[in-house]
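Subject: A structure for you to look at

Hi there,

Here is the structure I promised to pass on. Please open it, turn it around for a minute, and then read my notes below.

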Amino acid sequence: MAYKRDEEKFKGLAEERTEILFWLAKANTEEVAKGYVKSAIRIAKFCNLRLGNKKALFCRQCQTFFNSENSKVRLNSKKKRTEILCLRCGYKRFYGYEREQKEKRKKKNILESGEQLRNKFK
Ligand SMILES: [Zn+2]
């Protein structure tokens with residue numbers, strides 16, 4: 001990065017832009033969406049931006065924006081992960097969901113214990 005002072009400003013801008021680009025990709029056809037995804041990745045790389053959850057929206061190898069026609073999403077309960085298969089190039093990607101599950105359970109436990117407490121004081 002040439003101008004280190006402006007890095008944070010750039011990051012904010014880049015975040016906004018990538019969000020817009022993904023929104024556009026969702027609204028357009030597959031061929032057009034590919035271009036949007038490519039430019040979003042380019043912006044993210046230039047500004048050291050993490051795409052995070054958005055990574056699951058497109059194929060890592062051929063940059064196809066996923067919809068119900070060009071991808072298959074399956075849940076593997078044995079290995080506790082989401083498997084996304086790109087039907088255009090055959091690339092498979094995994095995202096574990098164990099952590100999310102644990103967090104959900106924690107939240108649920110806290111809520112339940114809170115309810116028990118409330119019932120005690122009734
Ligand atoms: Zn692909």
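Following the sequence from start to end, the protein chain runs α-α-β-β-β-α. That makes three helices and three strands; both are DSSP runs, numbered from the N terminus, with at least four residues of H or I for a helix and at least two of E for a strand. The protein chain is more spread out than a compact globule, because its radius of gyration is 20 Å, well over the 14 Å that the globule rule gives for 122 residues. (The radius is taken over C-alpha atoms, and the rule is 2.2 Å times the number of residues to the power 0.38.)

Before going on, please keep in mind that this is a predicted model: local features need pLDDT of at least 70, side-chain atom pairs count only at pLDDT 80 or more, and totals for chains, interfaces and linings use all residues. Residues are numbered from 1 along each chain as its sequence is written.

Along the principal axes, the C-alpha atoms of the protein chain fill a box of roughly 60 × 45 × 25 Å. How many of the 122 residues count as buried? The share is 12%. Here a residue is buried with 20 or more other C-beta atoms within 10 Å of its own, exposed with 12 or fewer, and partly exposed in between, the C-beta atoms being placed from the backbone.

Now to the strands, where pairing means that DSSP finds at least two bridges between two of them. Strand E1 (residues 71-76) pairs with strand E2 (residues 81-86) in the antiparallel sense, over six bridges. One bridge joins Lys72 to Leu85 in E2. Four residues lie between the strands of this hairpin, and Lys80 there takes a positive phi near 55 degrees.

E2 is also antiparallel to strand E3 (residues 92-96), with five bridges, and Glu83 has Phe94 in E3 as a bridge partner. The hairpin of E2 and E3 has five residues between them, and Gly90 in the turn shows a positive phi of about 85 degrees.

Finally, have a look at Lys92, which sits in strand E3. Lys92 is partly exposed because 13 other C-beta atoms lie within 10 Å. Beyond its neighbours within four places in sequence, Lys92 is in contact (C-beta atoms, placed from the backbone, within 7 Å) with Glu83 and Leu85. Arg60 is 32 residues from Lys92 in sequence, and their C-alpha atoms are 9.1 Å apart.

Enjoy exploring!

Conventions:
Contact = placed C-beta atoms within 7 Å.
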